[in-house]
Amino acid sequence: MKILVLNSGSATQKTSLYEIAAEPPADPRAPLWEGLIEWDASEAAIRTTGPAGVRLQDRVPISSRKQVTERLLGDLWSGSAPLLKDLAEIEIVGHRIVHGGEEYSEPAFVTSALKGVVRRMTEFAPLHNPAGLEGIEIIEQILGGVPQVAVFDTAFHRRLPEAAAVYPGPYEWLARGIRRYGFHGINHQYCAQRAARLLGKDLRSLKLVTCHLGNGCSLAAVREGHSVDTTMGFTPLEGLMMGTRSGSVDPGILTYLLRHDQLTAGQLDDLLVKKAGLAGISGISNDMRQILSAMNAGNPRAKLAFDIFIHRLTSFVGSMVAVLGGVDALVFTAGIGENSAEVRAATCANLEFLGARLDLSKNSRTSCDGDISVSESSIRILIVRANEDWAIACDCWRLARTRS
Ligand code: ADP
């Protein structure tokens with residue numbers, strides 16, 4: 001079965017083509033083909049790669065997302081070495097949709113009712129949901145009636161216990177949809193399943209803390225395969241310190257700023273979402289690599305940014321472990337989690353009281369999924385490469401089977 005996966009963001013669109021035959025294999029597979037579109041102010045950069053490497057590299061003037069997507073997908077069935085004979089070979093298309101509201105706790109086939117929910121949830125995910133919806137509609141126009149599946153970032157957290165999901169504000173907030181939704185769920189769920197596979201254990205027997213540390217950062221406490229707590233909430237702003245986002249701050253600061261600086265809601269959003277986090281504290285960058293190199297060159301604000309990042313990470317991991325009542329494994333994933341030996345080492349050093357003992361040589365060398373703890377460690381420490389598109393392809397395969 002050939003499965004196309006669209007991961008549509010506000011300024012980028014990743015697209016992958018997978019082939020899954022009889023059953024999804026136990027370990028993830030590389031896509032047959034991948035495409036990336038990156039929009040800047042005036043142009044869209046397109047790049048595709050296939051089995052033999054780069055196939056297409058182009059910059060096109062800014063036009064509609066549909067035109068650029070058509071150009072990208074055209075690479076699959078045109079050119080000197082087409083990978084598909086025609087469009088009909090694509091049997092199903094999966095989409096990453098950030099917010100599925102209270103309605104969706106599982107991947108689902110796209111229907112007009114589903115599109116209505118995604119549209120309604122745009123209010124809570126203004127950058128991401130419109131891009132996902134546009135992706136669905138573009139595929140409707142290009143590939144006609146091909147079955148489409150939406151896989152939601154909020155779904156994995158949909159069954160958070162009430163005590164973790166409801167804010168201690170006025171009870172009426174809940175009826176207005178003001179509650180904790182959680183995000184990065186596709187990758188948290190994938191990492192939990194992958195951790196069980198790497199450990200050779202049944203997922204239902206494990207207590208895991210998955211640490212998604214990219215530009216956006218969040219943790220999930222996973223018990224018996226379900227998310228029972230997570231650090232992001234109503235929006236992807238709550239919780240850990242991030243690249244440009246503050247994470248949790250005292251809400252009193254916001255009312256103080258509103259009163260004293262007469263800020264508008266937009267200006268406040270801008271401060272918390274774009275001018276805070278690693279970038280806001282360091283004044284250098286949102287990129288952890290640059291923070292580390294400035295810190296190692298003696299820059300005090302870069303060091304403060306790193307220290308706050310680790311302090312908050314430690315403190316939230318502690319909170320997730322307390323909610324779980326113990327932990328079998330800590331999983332590091334996404335750009336920082338997968339690549340920064342310094343962040344993993346500093347965090348695990350703070351968690352030695354739990355019996356966490358990192359193997360420092362594995363920690364500095366690992367380039368693939370694996371266990372980086374010493375055998376005497378009381379908890380396993382794992383790296384799992386984020387692989388949302390593969391997870392979406394597998395969900396499409398499973399849903400398609402329910403139809404046949
Ligand atoms: P996104 O959330 O946008 O998908 P990524 O998962 O790609 O982000 O993560 C981006 C972050 O990963 C950036 O802070 C970047 O600095 C960090 N990162 C990537 N490679 C490394 C590395 N080798 N060392 C430290 N941080 C890294």
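**View A. The surroundings of Gln 148 in the predicted model.** Leaving aside its neighbours within four places in sequence, Gln 148 is in contact with Val 93, His 95, Ala 108, Phe 109, Val 110, Ile 136, Ile 139 and Glu 140. Gln 148 belongs to strand 8, which covers residues 148-152. With a relative accessible area of 5%, Gln 148 counts as buried, because the cut-off for that word is under 20%. Ile 136, one of the residues in contact with Gln 148, also offers its backbone oxygen, which the side chain of Gln 148 reaches at 3.1 Å.

**View B. The shell of residues around the ligand.** Gly 214, Asn 215 and Gly 216 are among the residues around the ligand, as are Asn 286, Asp 287, Met 288 and Arg 289, and the shell also includes Ala 334, Gly 335, Ile 336, Asn 339 and Ser 340. Sorted by class, this shell has three nonpolar, seven polar and two charged residues. Helix 10 (288-296) and helix 12 (334-339) each supply at least two residues of the shell, and the largest share, four residues, comes from helix 12.

**View C. Polar atoms of the protein beside oxygen atoms of the ligand.** A polar side-chain atom of Asp 287 lies 2.3 Å from an oxygen atom of the ligand. For Met 288, a polar backbone atom is 2.9 Å from an oxygen atom of the ligand, while for Arg 289 the distance from a polar backbone atom to a ligand oxygen atom is 3.5 Å. On its own the ligand has 580 Å² of accessible area, of which the protein covers 67%.

**View D. Helix 6, residues 185-199, and the glycine that follows.** The end C-alpha atoms of helix 6 are 21 Å apart, which agrees with the 21 Å that its 15 residues should span at 1.5 Å a residue. Buried residues of helix 6 include Gly 185, Ile 186, Asn 187 and His 188, then Tyr 190, Cys 191 and Ala 192, and further along Arg 194, Ala 195 and Ala 196. After helix 6 comes Gly 200, whose phi is positive, near 65°.

**View E. Helix 15, residues 388-403, a helix that is mostly covered.** From its first C-alpha to its last, helix 15 reaches 23 Å with 16 residues, close to the 22 Å expected at 1.5 Å a residue. Twelve of the 16 residues of helix 15 are buried; among them are Glu 388, Asp 389 and Asp 395, together with Trp 390, Trp 397, Cys 394 and Cys 396. Leu 399 and Ala 400 are buried in helix 15 as well.

Terms used: Residues numbered from 1 in each chain as written. Predicted model: local features only at pLDDT ≥ 70, side-chain atom pairs only at ≥ 80, totals over all residues. Heavy atoms only, no water. Near = heavy atom within 4 Å. Polar contact = N/O pair within 3.5 Å; in protein donor to acceptor, adjacent residues only side chain to side chain. Areas by Shrake-Rupley, 256 points an atom, 1.4 Å probe, with all protein chains shown as cover. Nonpolar A, V, L, I, M, F, W, Y, C, P; charged D, E, K, R; others polar. Expected span 1.5 Å × (residues − 1). Buried < 20%, exposed > 50% of the residue type's maximum accessible area, 1.4 Å probe, protein only. Contact = heavy atoms within 4.5 Å.
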